[in-house]
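Visitor: I would like a close look at one part of this protein. Please pick a single helix and walk me along it.

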Amino acid sequence: MECLKRFALKIDTLFENCAIFALLGVIIVMAVQVFTRKVFNFVFFWSEEAILLCLVWFAFMGIAIGFREGVHMGVEALTDRMSPKVNFWIDKWIELMGLLYGLYFVIYGWEFTVLMFDSTLPATKLPNSIVYLVMPVSGLMVCAYSLLHLAGIDTKRHTGSDLEIGGDMEGKE
């Protein structure tokens with residue numbers, strides 16, 4: 001069991017590092033593109049495609065990481081008034097919906113990836129399916145995180161501020 005946990009953590013770390021590198025790719029390529037356009041009046045022909053590819057990959061990986069960390073949006077106005085037992089079942093329902101969302105990404109993302117394999121991106125000549133391959137990949141990660149949450153396993157790897165966006169600031173000082 002410990003071996004499985006270490007393997008899962010390595011996969012998770014690899015996934016998170018890929019998301020970070022995708023964001024870094026967006027920042028670097030965009031900075032170079034702006035610099036060369038303003039200084040040399042020249043833009044690399046592949047830069048827009050590279051930015052788009054990195055941005056799409058970062059966004060979809062961010063969705064999965066958001067599921068892992070439990071940072072999806074929620075409205076607590078009603079659930080704060082409900083009993084812990086009701087909230088427990090609401091949380092299970094949310095995780096089940098997350099699992100179905102992940103399965104949707106796996107199934108239809110894979111179909112779309114296969115459908116786009118024959119076309120190519122105009123500048124880089126990469127298969128167009130590389131843009132869409134992130135859908136089933138992130139869908140698998142969402143499914144894994146949702147199953148772990150349904151089993152009662154906490155998947156959070158990062159701790160953030162106690163202050164939520166739009167949260168009540170009373171007593172936080």
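Guide: Take helix α2, and keep in mind that this is a predicted model. The helix covers residues 47-69. Start with its length. At 1.5 Å a residue, its 23 residues should span 33 Å. The end C-alpha atoms lie 32 Å apart, so the two values agree.

Next, the nonpolar side. The largest nonpolar core has 16 residues. F15, W57, M61 and A64 have the most contacts inside that core. Three elements give two or more residues to the core: α1 (2-40), α2 and α6 (134-150). Of these, α2 gives the most, with 7 residues. In soluble globular proteins, nonpolar side chains tend to be buried together.

A64 shows how the packing looks from one position. Setting aside neighbours within four places in sequence, A64 is in contact with F15, S138, M141, V142 and Y145.

Now go to R68, also in α2. R68 counts as buried because its relative accessibility is 1%, and the cut-off for buried is under 20%. Its side chain has polar partners. One polar contact, of 3.0 Å, joins it to the side chain of D12. Another, of 2.5 Å, joins it to the side chain of E16. Not counting residues up to four places away in sequence, R68 touches D12, E16, Y145, H149, T155, K156, R157 and H158. Y145 is thus listed for R68 and also for A64.

Finish at the end of the helix. Just after α2, G70 takes a positive phi of about 70°.

Methods:
Residues are numbered from 1 along each chain as its sequence is written. This is a predicted model: local features need pLDDT of at least 70, side-chain atom pairs count only at pLDDT 80 or more; totals for chains, interfaces and linings use all residues. Side-chain values use heavy atoms; hydrogens and water are left out. Helices (H or I, at least four residues) and strands (E, at least two) are DSSP runs, numbered from the N terminus. Buried means under 20% relative accessible area, exposed over 50%, partly exposed in between (1.4 Å probe, protein chains only). A polar contact is a pair of N or O atoms within 3.5 Å; within protein, one must be able to donate a hydrogen and the other to accept it, and residues adjacent in sequence count only if both atoms are side-chain atoms. Contact means heavy atoms within 4.5 Å. A nonpolar core is a set of buried Ala, Val, Leu, Ile, Met, Phe, Trp, Tyr and Cys residues joined through side-chain atoms within 4.5 Å. The expected span of a helix is 1.5 Å times one less than its number of residues.
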